Amino acid sequence: MAKEPKNQGKPWSNDDVKELKQLVKENTPTRVIGLKLGRSSDAIYSKAASEDISLKPTNQRPYGTKKK
């Protein structure tokens, strides 16, 4: 059986939200954000949506293209 995240069911603190915003800004994958914050990927998606934070990667080139 899967291990539950350490912060499951706990409310988000202001520091958690700040860290979420910083990690998203750094293009950190959602699963890694969940591990760092001790939350599930679903919790990350849900909180990002409620805080109007886009989890879409930025500044990434499509595979197979190079900078000229």
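Is D52 buried or exposed? D52 is exposed, because its relative accessible area is 73%, and exposed here requires a value over 50%. The model in which D52 sits is a predicted one. D52 belongs to the segment after helix 3. Although D52 is not a glycine, its phi is positive, at about 60 degrees.

The residue that follows in this account, I53, is also found in the segment after helix 3. I53 has a relative accessibility of 16%, so it counts as buried, the limit for burial being under 20%. Once residues up to four places away in sequence are set aside, I53 touches L20, K21, V24 and A48. One of these partners, K21, lies 32 residues from I53 along the chain, yet the C-alpha atoms of the two are 7.3 Å apart.

I53 is also one of the residues of the largest nonpolar core. That core has eight residues in all: L20, L23, V24, I33, L37, I44, A48 and I53. Helix 1 (14-25), helix 2 (30-37) and helix 3 (41-50) are the elements that each give two or more residues to this core. Of these, helix 1 gives the most, with three residues.

Helix 1 can now be followed along its length. This helix has 12 residues, and from its first C-alpha to its last it reaches 17 Å, close to the 16 Å expected at 1.5 Å a residue. Its buried residues are D16, V17, L20, L23 and V24. Seen down the axis of helix 1, these buried residues fall within an arc of 125 degrees, so they line one face of the helix. They pack against helix 2 and helix 3. On the other side of helix 1, the exposed residues are N14, D15, K18 and K25.

Just after helix 1 comes N27, with a positive phi of about 60 degrees. N27 is a residue other than glycine, and its place is in the loop between helix 1 and helix 2. N27 counts as partly exposed because its relative accessibility is 25%, and partly exposed covers values between the limits of 20% and 50%.

Beyond this loop, T30 is found in helix 2. The relative accessible area of T30 is 15%, so this residue is buried. Leaving aside neighbours within four places in sequence, T30 is in contact with S41, I44, Y45 and L55. Among these partners is I44, which also belongs to the largest nonpolar core.

The last part of the account concerns the start of the chain. N7 has its place in the segment before helix 1. N7 is buried because its relative accessible area is 15%. Residues up to four places away in sequence not being counted, N7 touches L37, G38 and R39. Of these, L37 is a member of the largest nonpolar core.

R39, another partner of N7, has a further arrangement to note. R39 lies over the face of W12, 4.2 Å from the ring centre. As for rings paired with one another, the structure holds zero aromatic pairs.

Technical notes: Residues numbered from 1 in each chain as written. Predicted model: local features only at pLDDT ≥ 70, side-chain atom pairs only at ≥ 80, totals over all residues. Heavy atoms only, no water. Phe/Tyr/Trp six-rings, centres within 6.5 Å; stacked < 30°, edge-to-face > 60°. Lys NZ or Arg CZ within 6 Å of the ring centre and 35° of its normal. Core = buried A, V, L, I, M, F, W, Y, C linked by side-chain atoms within 4.5 Å. Buried < 20%, exposed > 50% of the residue type's maximum accessible area, 1.4 Å probe, protein only. Helix = DSSP H or I, 4+ residues; strand = E, 2+ residues; numbered from the N terminus. Contact = heavy atoms within 4.5 Å. Expected span 1.5 Å × (residues − 1). Arc of directions from axis to C-beta.
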